[in-house]
Amino acid sequence: GGGGWMMRRQKDLLKWLISCWVCSELILSCISDIGTHDLRKKDGICLAGVGTGMDFPMACKRTEVNIVHLEENSVEWRREKVRQAVIHAWEGYERSAWGKDEVLPVTGEGVDNFGGVGTTILDSVGTLYLLGLSEQYERARNWVRDELDWSAVGDVVIFETVIRALGGLVSTYELTRDRVFLYRAEELALLLAPAFDTPTGIPFQRCFLNVSVCYFRDEYASALLAEAGSLQLELRALDFHSNNEEIHRIRLMADHVLDVIHDKTTPDMNGIPPAKVNVNSGEFVTNYVTLGAPSDSYFEYLAKLWIQGDFQETKYQSRYVAWVEGMLKKMLHVSEAGDTFVFERAGDAVVTKMDHFTCYIPGVLAITVDYLDLSIHGRRIFEELAVNITRTCHLMYSKSPSGLAGEHIRIHRDRWVISGGYELRPEAIEAFFYLWRRTKEDKYREWAWEVFEKIEQFCRAPYGYSTVLHSRARHPRQDNVMHSFVIAETFKYLYLIFSDDDVLPLDTYVFNTEAHPLRIRPEIPWGEST
Ligand code: DMJ
């Protein structure tokens, strides 16, 4: 009767529920196999793919479902969180600013603030590849192949174009061996040639790329040290891969710039030339001396050129060591509280200001110390310096009411004044990453994670991540800017600090100032051991 039928129905229902449960468990275990397991074990495969010239490795094709199966706050979980932040930033750009230089992350518009070269695409494409975001990568790559139109590119800053666009293209070529990137990099480099057409060879600051007209913004025809001195890693890498005499000539011109600056650097400058140089005479036109903006990456490149050339070019080594010694002698200050600062100078006067930018210094020290011929004492100085400056970089965040650093700090009798907003800059995280790789001390991962959490709290916006005004405020306001270096650098270093060491190993790659990995000794055929 009806009761029996009910019983049967209930049994069926129970069976159905059990089979559903078994099924879902099976599905879940499958997902976690290709999910969690992939994240931990197959990262190796994913990155073995990087630089081997294979197609986009299948193991890299992971989906967002992974995060569900990861233990909260585990290293894998944090890495995946960073990866999802990249997805969010990239999708905001793709959705509302595709092909433009940058996205306005609050309002969702695109802006061409770098001449209209699609800067965010060129700057991000290597990171998309590295993070296994295959579909996003394919779309970016196809844009580079099909849509990038040099004839539509207007007024560009040479330095920014080299570190972001050219650096992104050459690096992605080295990672993927996809010749699309090489050809595009060659085209761009050739367009840059007129920039070096000055009496000293120190390049113009800006050019209209489409009409080859170059110029200076300021009437004194002066170049900033970082702008003149951070073009070489990228052009050298390209020259290694190109069989093009004109590109070789451009590369030599860029190398020559460093010799011009070096020749004008007198012994009283202690290896640290002032921040501005006249391009007609090569004379310095300021007495302002800093390792931060606008000089920073000039110093970074002296060290990294030495690394890129496999530590063979002793002229770069000695120029690098000279500025570190000059810094120790003239720029470094240890407060009564024991904090280490890299200050600036206006002539003989010390300016008690330290830029967030200077946080690139610890990384440079960390990746060179083993290759210098140092006494035990000298080695200790280098190592302690790296550790102590990194600690100050951490304090720039932890002492700030918002938990985000400003553009710089000023120190008045041991009192810290945090100035400016947080521009989503990478340098402190960069320092944490290099120190993590070197020391394996957990605190560096923790510090990086703290910054990431603050970025999520204050910078996340509808179309990406926004810079904030006034880091000193407890709840800083968003400023509607997402620099292209957010994906290229800030999130890349965050991703790497939560990855294994064989993901972009530091004995194979040196990062340009925009965090684009370039091969050390690129002339060695890929696949062979370096
Ligand atoms: C980046 O474009 C580069 O790191 C450059 O060297 C300095 N400024 C930004 C990041 O802060």
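## Around the ligand and along the chain

A polar side-chain atom of Glu514 lies 2.7 Å from an oxygen atom of the ligand, and this contact is a useful place to begin reading the structure, which is a predicted model. When the ligand is considered on its own, it has 290 Å² of accessible area, and the protein covers 94% of that area. The space that the ligand takes is the largest pocket, and two elements, α5 (158-176) and α16 (485-497), each give two or more residues to the shell around the ligand.

Which residues make up that shell around the ligand? Going along the numbering, the ligand is surrounded by Ile163, Arg164, Phe357, Arg425, Pro426, Glu427, Phe485, Glu489, Thr513 and Glu514. Sorted by class, five residues of this shell are charged, four are nonpolar and one is polar.

Besides Glu514, other members of the shell have side chains with an N or O atom that can be placed relative to an oxygen atom of the ligand. For the side chain of Glu489, the distance from such an atom to a ligand oxygen is 2.9 Å, while for the side chain of Arg164 the corresponding distance is 3.5 Å.

The UniProt record can now be set beside this picture. In an unreviewed entry, UniProt lists Glu160, Asp296, Glu407 and Glu427 under "active site". Of these residues, Glu160 is included in the lining of the second largest cavity. Glu427 is among the residues that surround the ligand, and Glu407 is found in the loop that runs between α13 (376-398) and β14 (408-412).

Finally, the backbone itself has two places that deserve a careful look, and a general rule helps in reading them. Most residues other than glycine have a negative phi, and most peptide bonds are trans. Where does the chain have a cis peptide bond? Such a bond joins Ala293 and Pro294, with an omega of about 5°, and Pro294 has its place in the loop between β8 (288-289) and α10 (296-308). The other place is Arg413, which is not a glycine and nevertheless has a positive phi of about 45°; Arg413 is found in the loop between β14 and β15 (415-419).

Note on methods
Residues numbered from 1 in each chain as written. Predicted model: local features only at pLDDT ≥ 70, side-chain atom pairs only at ≥ 80, totals over all residues. Heavy atoms only, no water. Near = heavy atom within 4 Å. Polar contact = N/O pair within 3.5 Å; in protein donor to acceptor, adjacent residues only side chain to side chain. Areas by Shrake-Rupley, 256 points an atom, 1.4 Å probe, with all protein chains shown as cover. 1 Å grid on protein atoms, 1.4 Å probe; cavity = no way out; pocket = protein on both sides within 12 Å on 5 of 7 lines; lining within 4 Å. Sits in = over half its atoms within 2 Å of the grid points. Helix = DSSP H or I, 4+ residues; strand = E, 2+ residues; numbered from the N terminus. Nonpolar A, V, L, I, M, F, W, Y, C, P; charged D, E, K, R; others polar. UniProt positions renumbered as here; feature names shortened; annotations may be inferred.
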